[in-house]
Amino acid sequence: MHLSTHNWMRAEPLETTLKRIKKFGYESIEISGEPGQYKINETRALLNEHGIRCWGAVTLMLGERNLAARDQGQRERSVQYVKEVLTMVSELDGEIITLVPATVGKVVPDGTEEEEWEWVVDATRECFTHAKKVGVKVAIEPLNRFETYLFNRGAQALALADAVSPECGVCLDAYHLHMEEFNVYDAIRQVGNRLFDFHVADNNRFAAGLGQIDWPKIVGTLKEVGYDGALTNEFVAPVDRTPAAPYPDMVERNPVDISPEQLKFIQDHGSSVLTEKFYTDQMRITAETLLPLIK
C-alpha cells in the first residue's frame with residue numbers, strides 16, 4: 001500500500017499540491033476528473049519533477065453527468081465524459097479510474113429499478129470497453145445515501161462490477177463505509193481481490209485521525225484481503241458557521257481559480273474552499289495517521 005490523495009477538494013495550481021504532498025510522504029495523486037483542466041505534457045512534466053506518479057482519477061459526476069439517466073443523449077454524453085477521463089489517465093501513465101455511476105447529489109431515480117439497471121450496466125460496459133483499450137482499470141465507487149440513491153454499499157458496487165466484467169473492480173471509501181455498511185470489515189472482505197482503490201477520510205470527513213474510525217483495524221483488514229493499492233486522501237471538511245466552530249479560520253474568503261461548478265460541488269459536500277494552512281494541516285494529519293500503519 002501507499003499514500004495518495006485527490007486534489008479536487010481545493011482549487012490551486014497542481015504544482016502547489018505536488019510540493020505539499022511530496023513533503024508529507026505521499027507517493028501518488030488521484031487527479032481531478034476534469035480533462036479540460038490539464039495539458040498532458042505539462043502535467044507529466046510536473047509529476048516527474050516532483051517525483052509523484054498519477055495513480056488515477058475520480059469521475060466528478062456533477063451537473064448532467066449520469067450513467068443511469070433516462071435520457072439516452074444524457075447517458076451518451078456521460079459515457080463520453082468518462083472515456084475522456086480514462087484517456088487522460090492513460091496518457092498520464094495512471095492505473096485506475098474511480099467511477100461514480102450517477103450524479104452526485106441526485107437522490108430521486110429516473111425510472112424503475114429494472115430500467116435503471118439496464119441503463120447503468122450498458123453505459124458502464126461501454127466505459128469499460130474503452131478502459132480496456134487504453135489500459136486503465138475501472139473501480140465502481142458507492143457513496144452514502146445522501147449523495148446518491150443508487151449505489152451506497154460495497155455489495156451494490158460489486159453487483160455492477162460483476163454485470164460488467166470479472167475484470168471490473170470496486171473502490172471503497174472509509175467515510176461512506178461507516179455510514180452505510182452493516183459491518184465495515186466484512187464489507188471489505190466481501191469485495192476482496194476486486195478492491196482496486198480505497199479512499200480515506202474519518203467518520204466526520206475530516207482528515208484520518210480526527211474522528212472515530214479504527215484506522216489500525218481498517219488497514220489490517222486491507223492487508224488481510226491482500227490489498228496493495230493506494231489509500232487516497234479525500235477529506236471534505238465540514239464548515240461550521242456558528243460560534244462553536246473549532247476551526248474559525250478554515251474558509252478561504254477570497255477564492256481564486258475555481259469554477260462555479262467546482263465550487264458548487266464542494267459546497268454540496270458541506271464544505272467550502274479551505275485556506276491553505278487548514279488544508280495543509282489536514283494533509284499532514286492524514287499522513288501522520290496512516291503512514292506508520294502501511295509501512
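In this report, a residue is called buried when its relative accessible area is under 20%, exposed when that value is over 50%, and partly exposed in between, as computed with a 1.4 Å probe on protein chains only. Cys 54 is buried by this criterion, with a relative accessible area of 3%.

The structure is a predicted model, in which local features need pLDDT of at least 70 and side-chain atom pairs count only at pLDDT 80 or more, whereas totals for chains, interfaces and linings use all residues. Residues are numbered from 1 along each chain as its sequence is written, and side-chain values use heavy atoms, with hydrogens and water left out.

**Annotated domain**

The unreviewed UniProt entry carries the annotation "domain: Xylose isomerase-like TIM barrel" for residues 19–242. UniProt positions are given in the numbering used here, feature names are shortened, and annotations may be inferred rather than shown by experiment. Helix makes up 42% of the chain over residues 19–242 and strand 16%, and the end C-alpha atoms lie 33 Å apart. Helices (H or I, at least four residues) and strands (E, at least two) are DSSP runs, numbered from the N terminus.

**Cysteines**

The model holds zero disulfides, a disulfide being a pair of cysteine sulfur atoms within 2.5 Å. For Cys 54, the closest cysteine sulfur belongs to Cys 171 and is 14 Å away, which is too far for a bond. For Cys 127, the closest cysteine sulfur is that of Cys 168, at 9.8 Å, again too far for a bond. Cys 127 is buried, with a relative accessible area of 2%.

Cys 127 also appears among the contacts of Val 82, where contact means heavy atoms within 4.5 Å. Beyond its neighbours within four places in sequence, Val 82 touches Thr 59, Leu 67, Ile 97, Leu 99 and Cys 127. Val 82 belongs to helix α3 (residues 72–91) and is buried, with a relative accessible area of 0%.

**Salt bridges**

The structure contains 18 salt bridges, each defined as a side-chain nitrogen of Lys or Arg within 4 Å of a carboxyl oxygen of Asp or Glu. Three of them are listed below.

| Acidic residue | Basic residue | Closest N to O distance |
|---|---|---|
| Glu 12 | Arg 10 | 2.6 Å |
| Glu 224 | Arg 189 | 2.8 Å |
| Glu 288 | Arg 284 | 3.1 Å |

The salt bridge between Glu 224 and Arg 189 has a distance of 2.8 Å. This pair links distant parts of the chain, with Glu 224 in helix α8 and Arg 189 in helix α7 (residues 184–191), 35 residues apart. Arg 189 is partly exposed, at a relative accessible area of 35%.

Glu 288 and Arg 284 both lie in helix α10 (residues 276–294), four residues apart, about one turn of the helix. Arg 284 is partly exposed, with a relative accessible area of 27%. Arg 10, Glu 12, Arg 20 and Glu 276 are joined into one network by salt bridges that share partners. Within that network, Glu 12 and Arg 10 are both buried.

**Loop residues**

Asn 7 is located in the loop between β1 (2–6) and α1 (14–24) and is buried, with a relative accessible area of 7%. Its side chain makes a polar contact of 3.1 Å with the side chain of Tyr 38. A polar contact is a pair of N or O atoms within 3.5 Å; within protein, one must be able to donate a hydrogen and the other to accept it, and residues adjacent in sequence count only if both atoms are side-chain atoms.

Asp 202 occupies the loop between β7 (195–200) and α8 (215–224). Asp 202 is buried yet has no salt bridge, and the nearest side chain of opposite charge, that of Arg 205, is 11 Å away. For charge, Lys and Arg count as positive and Asp and Glu as negative, while His and the chain ends are not counted. The side chain of Asp 202 reaches the backbone nitrogen of Gln 212 at 3.1 Å.

Most residues other than glycine have a negative phi. Arg 205, although not a glycine, has a positive phi of about 70°. Arg 205 lies in the loop between β7 and α8 and counts as buried at 5% relative accessibility. Asp 93, also not a glycine, has a positive phi of about 65°. Asp 93 is found in the loop between α3 and β4 (96–99), and it counts as exposed at 54% relative accessibility.
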